[in-house]
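Dear colleague,

I am passing on to you the structure shown below, together with some notes on what I found when I went through it. Please read the notes with the structure open beside them.

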Amino acid sequence: MRASLFLLQTLGTSCLASVTDAALGYPQALVRRIGHPVIWIGGLIGRLDRRFNTSCRTQRQRRLAGFMAAGLIAAIPTAIAMVATRLIRRFLPHWLALPVTAVLASTLVAQRSLHDHVRAVEQAARESLPAARRAVSHIVGRDPEQLDEAGVLRAATETLAENFSDGIVAPLLWMAAGGLPGAVFYKSVNTADSMIGHRTPRHEAFGYAAARLDDLVNLPASRLSALWIILASLTLPGMRTRAALRIVWRDARAHRSPNAGWPEAAMAGALGIRLSGPRAYNGVQVAEPWVGDGTPTLRPDDLSRALALYRRACLIQTLMGLSALGLLARRLRGR
């Protein structure tokens with residue numbers, strides 16, 4: 001019974017956080033005034049990186065230090081979130097504790113922010129290539145000056161698909177499992193991977209643990225995000241649901257990432273386009289396999305269709321969460 005009540009609270013937090021973020025997002029005024037939870041987590045990661053990832057250490061020592069740092073990065077913010085949750089439940093009435101927790105948790109979800117950043121690329125692409133390159137530079141790691149219009153639009157579509165998984169589905173899934181602490185745990189791991197989980201001379205050894213842990217915690221959400229995209233394609237005209245299923249089955253595991261390939265393959269198949277493929281990072285050409293069978297020559301309308309698919313997938317996820325919440329509540333009332 002206690003486990004069911006806990007799940008009822010965490011599911012409620014996840015559903016309300018999803019709706020809150022979709023409606024309001026995280027105001028830029030707050031970012032300027034107090035920062036953002038990811039910025040705070042990033043500050044911790046930066047300190048640990050400077051303290052333990054020093055050039056005087058051997059590669060083996062750096063890797064061992066990276067395991068310790070990954071543990072601290074996951075544990076410290078999660079412990080703070082657990083304390084905050086306990087204080088909220090202790091000092092606020094029950095009817096107020098859940099929405100307050102959900103509002104705090106909504107800061108760890110990026111539905112509105114991701115949509116607005118990708119929409120900015122679409123609008124800029126309709127103006128000029130330099131404007132599109134500037135807009136996409138805010139959301140991708142590759143060199144935008146090496147991209148033509150189709151490359152810019154593919155990069156934005158790939159970011160939309162990948163971040164649907166690790167910026168929306170994953171934090172909400174971990175929130176549904178563990179409440180605010182669960183979401184903070186996930187976001188800490190994911191931020192660590194973004195900052196130090198790179199195969200560079202500085203971080204290949206130190207960031208190994210963070211990268212592998214991020215791969216592990218994203219496994220369920222990446223598969224679930226592909227499912228939401230496929231279901232969303234059923235509800236929109238012009239989408240190719242059968243192709244999405246086929247491309248996911250064929251191409252998802254061939255991607256350089258064990259997780260990003262799933263939502264990218266689902267989106268490429270549903271839209272009838274090709275994603276991934278060769279690209280440049282810091283001036284270095286990287287040969288990557290294509291995902292999908294369609295055209296790689298995207299136009300702004302293709303990115304607009306991708307955004308429509310993304311919005312519908314977000315809606316489906318929220319409705320599924322609310323349905324699960326309703327079923328659990330009904331089951332508890334029947335006891």
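Setting aside residues up to four places away in sequence, P296 touches A150, R154, R274 and W290. Please keep in mind, here and in what follows, that this is a predicted model. P296 is found in the loop that runs between β4 (290–291) and α12 (300–333), and its relative accessibility is 18%, under the 20% limit, so P296 counts as buried. The C-alpha atoms of P296 and G151 are 8.2 Å apart in space, although 145 residues separate the two in sequence.

A second loop residue that I looked at is N53, whose place is between α3 (37–52) and α4. With a relative accessibility of 2%, N53 counts as buried, and, leaving aside its neighbours within four places in sequence, N53 is in contact with L48, R62, R202, H203 and F206. From N53 to N163, which is 110 residues away along the chain, the separation between C-alpha atoms is 28 Å.

P27 is also found in a loop, the one between α1 (2–24) and α2 (28–34). Its relative accessibility is 40%, and P27 therefore counts as partly exposed. P27 and T107 are 80 residues apart in sequence, while their C-alpha atoms are 9.7 Å apart in space.

Turning to the helices, the axes of α6 (residues 111–125) and α8 (residues 149–196) come within 10 Å and cross at roughly 175°, which means that α6 is roughly antiparallel to α8. On the α6 side, the residues that take part in the contact are Q111, L114, V118, V121 and A125, and these meet E149, V152, L153, A156, T159, L160, N163, F164 and I168 in α8. By character, the residues of this contact of α6 with α8 divide into 10 nonpolar, three polar and one charged. N163 in α8, which takes part in this contact, is the residue whose distance from N53 was given above.

The structure also holds three aromatic pairs, and I describe two of them here. In the pair formed by F67 and Y208, the ring centres are 6.3 Å apart and the planes stand at 50°, so this pair is tilted. F67 lies in helix α4 (residues 59–91) and Y208 in helix α9 (residues 208–234), so the pair ties together parts that are 141 residues apart in sequence. F67 counts as partly exposed because its relative accessibility is 46%, and Y208, at 29%, likewise counts as partly exposed. W174 and F185 form another aromatic pair that is tilted, with 5.2 Å from centre to centre and 55° between the planes. W174 has a relative accessibility of 26% and so counts as partly exposed, while F185 is partly exposed with a relative accessible area of 21%.

Y208 has a further partner, for the charged end of R212 sits over the ring of Y208, 5.3 Å from its centre. A similar arrangement is found at W249, where R253 lies over the face of the ring, at 5.9 Å from the ring centre.

One last residue belongs to helix α4, where M82 lies. At 42% relative accessibility, M82 counts as partly exposed. M82 and R63 are 19 residues apart in sequence, and their C-alpha atoms are 29 Å apart in space.

If you would like a place to begin, you might start with the contact of α6 with α8, then go on to the pair of F67 and Y208, and after that turn to the surroundings of P296 and of N53.

With kind regards

How values were computed: Residues are numbered from 1 along each chain as its sequence is written. This is a predicted model: local features need pLDDT of at least 70, side-chain atom pairs count only at pLDDT 80 or more; totals for chains, interfaces and linings use all residues. Side-chain values use heavy atoms; hydrogens and water are left out. Axes are lines fitted to C-alpha atoms, for helices over the stretch in contact, and angles run from 0 to 180 degrees between N-to-C directions. Helices (H or I, at least four residues) and strands (E, at least two) are DSSP runs, numbered from the N terminus. Angles under 35 degrees count as roughly parallel, over 145 as roughly antiparallel, 65 to 115 as roughly perpendicular and the rest as oblique. Contact means heavy atoms within 4.5 Å. Ala, Val, Leu, Ile, Met, Phe, Trp, Tyr, Cys and Pro count as nonpolar, Asp, Glu, Lys and Arg as charged, and the others, Gly among them, as polar. Rings of Phe, Tyr and Trp (its six-membered ring) pair if their centres lie within 6.5 Å; planes under 30 degrees apart count as stacked, over 60 as edge-to-face and the rest as tilted. Buried means under 20% relative accessible area, exposed over 50%, partly exposed in between (1.4 Å probe, protein chains only). A charge sits over a ring if NZ of Lys or CZ of Arg is within 6 Å of the ring centre and within 35 degrees of the ring normal.
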